[in-house]
Amino acid sequence: MSRRRVRPTDDPAVVRWVLTALALGVFGVLVGLPVAVVVAGALRHGVEAYLRAITDPLTVDALQLTLLVVAVAVPVNIVFGVAAAWALAKFDFPGRAALITLIDLPFAVSPVISGLVFVLLFGGRSLIGPWLIAHGWHIVFAPAGIILATVFVTFPFVARELLPALEAAGRTNEEAALVCGATGWQTFWRVTLPNARGALLAGVALATARAAGEFGAVSVVSGHIRGRTNTLPLHIEILYNEYDFSGALAVATLLVALALVTLAIRWAVDAHAARDAA
Amino acid sequence: MTALPSRSTAPAAIDIRNVSKAFAHGALAAVADVSLRIPAGQLLALLGPSGSGKTTLLRILAGLEFPDAGVVQFDGVDVTDRPARLRGVGFVFQSYALFRHLTVAENIAFPLRVRHRPRNEIRARVEELLVLMQIEGLGGRRVTQVSGGQAQRVALARALAPHPAVLLLDEPFGALDTEVRQELREWLRRLHDELRVTSVLVTHDQEEALAIADLVAVLRAGHLERAATPAEIMARPASAFVERFLSTTRAGARCTGTGRHLEIAHAEPAR
Amino acid sequence: MRRRRDALPGLSLTLSLTVGGLLLFIVVPLTTVVATSAHLTAGRFWAAVASPRAIASYRLSFGASLVAAAACAPLGLLFAWVLTRYRFPGRRLLDALIDLPFALPTAVSGIALTTVWAQTGWLGRPLARAGVPVAFTAAGVTLALIFIGLPFVVRAIMPVLDALGHEPEEAGAVLGASRWQTLARITLPTLLPAVLTGVALAFARALGEYGSVVFIAGNLPLRTEIAPLLIMTKLEEYDYAGATAVAVVLLAASFLLLLVLNRAQAWTAERTGMTASRIG
Ligand SMILES: Nc1ncnc2c1ncn2[C@@H]1O[C@H](COP(=O)(O)OP(=O)(O)O)[C@@H](O)[C@H]1O
Ligand SMILES: [Mg+2]
């Protein structure tokens, strides 16, 4: 009987099995089970109750505000993210590293503080708050504040996905376009952007998911006025605190679906990039 | 807006006058006080060891880099500050820099598209170039699906599409294996004889420079050491550096030519 | 001498947009916190920052975040190893879903975790019977933070492990090292900067985390109240000064962490020649 030959970097089958099982087990308990519980809980009283929960007028109101927030925050993010990625990836200038750190800042700041800053800036006790309110401009406890807080929180997403992609591509493509006679805009639209579509799409997906799902920051600035300043996550919290568990979980499934779509987009983009590189 | 050359353009004479360029403040100059004249329609080989400033000089001609001092003229017109897109040059990058999201034909059409040329004119020109480059039938391919030698021809076709007055090539055969390289070199020489567009070809291969060019310029650490015809250079290298730099070729090849271009025996493919 | 120029246009436009956006949406709002706290007298500031309730919240927030981030290190290594080195059915799915905690809204994560681990939940009930309550204890807080932190650690390690390939280990084996020696002396030290980067990211995220924690924490002052929740509570009581003071402490910690992170990433780059820049 001959001994099975193993390459020095191949883990023994037992080790492979144990580690794989351990990883799957940990993932199942830590992540899989909670998500399964959301779906199971949402459907506990049947499909009809589920549909009633997600078509409830208050849910629809919350969905509308969420869509409004996404519709403002995500385009702001795209403009900023594309501009930042262009400046930071294609050029070198003093202070570039500091700027990148500054872009990362919202990742490091607690969402609660991200909301707090706008209460301090525009609230009733701030410098300009009373003047704004006197002129009918409500920011805190109003959709405007929710949008501002969401822009703050999602600020780095598009820039952070695009930057590595544009950096890796270098400047040669753009230079080739310029000597071909293209203007700056033509270069951007016809060469830079088509080559970074995937990264842009992934960044937009992440920003959308986060904008729709932001809770802490929005919680602080919303003031919880039912049907007026509730986004979907805030609506879920209210349902949950009113012990309407299956209702809360039903609405939560909408956001779970959004998260899964986001991951699917990012996965497809990465797979595409890997195939291109090969 | 300045009119962009798109139909047949007469080849331009290139005048480089006292051009210098350093990359960081106080750093050694990548190009130091270079003056060089390339008559219209000639092919100049820019020769020199790695890091001697060949690419930098070429990029200055293309408008991708701007000199710290000195002047570049095309046909007596100062173009030193003219942006790359308005210079009417074709540029073949060392790495080809083909647009990966476009097909071969779309790459070649790119310079015409950004000039908003009529559709049928673009189609005809692309067809013409595919034939000229001997890559008929590859038009619909993605550029990731062609060989290195073919990619090289696509890059050249794209550079030539808008009828540039000047063609700049940065080590165009650097990434190819010896066989393809020699074949393409011969072919490029014949193409140049046909098109007569003023060309600057960067190479660090002495043999290539001598075999193909009307004029050879030798750079060393940013300085122009020598500029002359291949025959003159071989006869009188004029400096120890040029002598040393060319010695490998002199030892390794029998020089047989005497005319406008020097022929190097083992570089000549069988006909 | 001529002005230095760039052939590629657009720097001034895009840089103005970047700096302008950052100033308007990030820098100005954040300085408000510091400016507001500067209006407080030292005595009031100190009273808010160092009240027993605040101290207890820092202890829980920093303690639980530290434990969770540390726990993410071995877990992150496990997932990164299995995902890059092994091939098994569902690997690509696992690879995609490992980011789920990052992509899920925190409120959804919080409710989901609570549902599983509460005394009435699928796992909480048997554990509570066995005398190990999870929900509404510090253990629950830590668990939620592990959930949140895991993708950061996995994603920090994976590209480095991938780029490392088999060669260094093969070299070790050829030089006569045992498998363990090779792992301990070659593989792990190379991964260390990436692991620390991931742990620092997880810690930074955990420290400020709110949504996924508040549902499972129980939120008893002095016992299971995290610092971000304390800020929220003070705001609801219209104690802006108190909220701001606590926020300044958390912000200072975040800034410090960001600096540490930059160092850790530079170290990763130095040791592996890689720049990890995508987050999550
Ligand atoms: N973008 C750049 N930044 C800094 N230094 C550069 C840059 N491009 C070239 N250099 C330097 O200028 C010198 C000449 O480079 P280059 O023109 O590329 O030489 P060649 O093409 O002859 O190999 C080299 O020392 C190189 O390091
Ligand atoms: Mg070069």
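Q: What makes up the shell around ligand 1, by class?
A: In this predicted model, the shell around ligand 1 has three nonpolar, six polar and one charged residues. The residues that surround the ligand are Phe23(B), Ala30(B), Pro49(B), Ser50(B), Gly51(B), Ser52(B), Gly53(B), Lys54(B), Thr55(B) and Thr56(B). Because Phe, Ala and Pro count as nonpolar, Lys as charged, and Gly among the polar residues, the listed names fall into those classes.

Q: Which element gives the most to the shell around ligand 1?
A: Helix H1(B) does, with three residues. The helix covers residues 54-62 of chain B, and the shell includes Lys54(B), Thr55(B) and Thr56(B).

Q: What makes the approach of Gly51(B) to an oxygen atom of ligand 1 a polar contact?
A: A backbone N or O atom of Gly51(B) lies 2.7 Å from an oxygen atom of the ligand, and the pair therefore meets the criterion of N or O atoms within 3.5 Å. The criterion is also met by a backbone N or O atom of Ser52(B), at 3.1 Å from an oxygen atom of ligand 1, and by a polar backbone atom of Gly53(B), at 3.0 Å from an oxygen atom of the ligand. As for cover, the protein takes up 53% of the 550 Å² of accessible area that ligand 1 has on its own.

Q: Why do strand S2 and strand S5 of chain B stand at the edges?
A: The open sheet of four strands, paired antiparallel, has the order S2-S1-S4-S5 in chain B. Strand S2 (29-38) and strand S5 (77-78) each have a single partner strand, so one side of each is left without a neighbour in the sheet.

Q: How do you know that strand S1 and S2 of chain B pair?
A: Pairing requires at least two bridges, and strand S1 (residues 14-22) is joined to S2(B) by six bridges in the antiparallel sense, so the criterion is met. Among the partners, Ile16(B) stands opposite Leu36(B), and Ile14(B) has Ile38(B) as its bridge partner in S2(B). The hairpin of these two strands has six residues between them, and Gly26(B) takes a positive phi near 85° there.

Q: Where does helix H1 of chain B lie, and at what angle to S1(B)?
A: Helix H1 lies across S1, S2 and strand S4 (69-74) of chain B, and its direction makes about 120° with that of S1(B).

Q: What makes the pairing of strand S7 and strand S8 of chain B parallel or antiparallel, and over how many bridges does it run?
A: Strand S7 (residues 166-170) and strand S8 (residues 198-203) pair in the parallel sense over five bridges, with Leu167(B) standing opposite Ser199(B) in S8(B). H1(B) packs on this sheet, touching strand S3 (43-47), S6, S7, S8 and S9 of chain B, and its direction makes about 150° with that of S7(B). Helix H4 (residues 148-160) of chain B packs there as well, touching S6 and S7, with a direction about 165° from that of S6(B).

Q: Why do strand S6 and S10 of chain B stand at the edges?
A: The open sheet of six strands has the order S6-S7-S8-S3-S9-S10 in chain B, with mixed pairing. Strand S6 (89-92) and S10 have a single partner strand each, so one side of each is left without a neighbour in the sheet. The twist averages 15° from one strand to the next.

Q: How do you know that strand S9 and strand S10 of chain B pair?
A: Five bridges join strand S9 (residues 215-220) to strand S10 (residues 223-228), which run antiparallel, and the requirement of at least two bridges is therefore met. Ala217(B) stands opposite Ala227(B) in S10(B). The two strands form a hairpin with two residues between them, and Ala221(B) in the turn has a positive phi of about 45°.

Terms used. Residues numbered from 1 in each chain as written. Chains lettered and ligands numbered in written order. Predicted model: local features only at pLDDT ≥ 70, side-chain atom pairs only at ≥ 80, totals over all residues. Heavy atoms only, no water. Contact = heavy atoms within 4.5 Å. Axes fitted to C-alpha atoms, helices over the stretch in contact; angles between N-to-C directions. Near = heavy atom within 4 Å. Polar contact = N/O pair within 3.5 Å; in protein donor to acceptor, adjacent residues only side chain to side chain. Areas by Shrake-Rupley, 256 points an atom, 1.4 Å probe, with all protein chains shown as cover.
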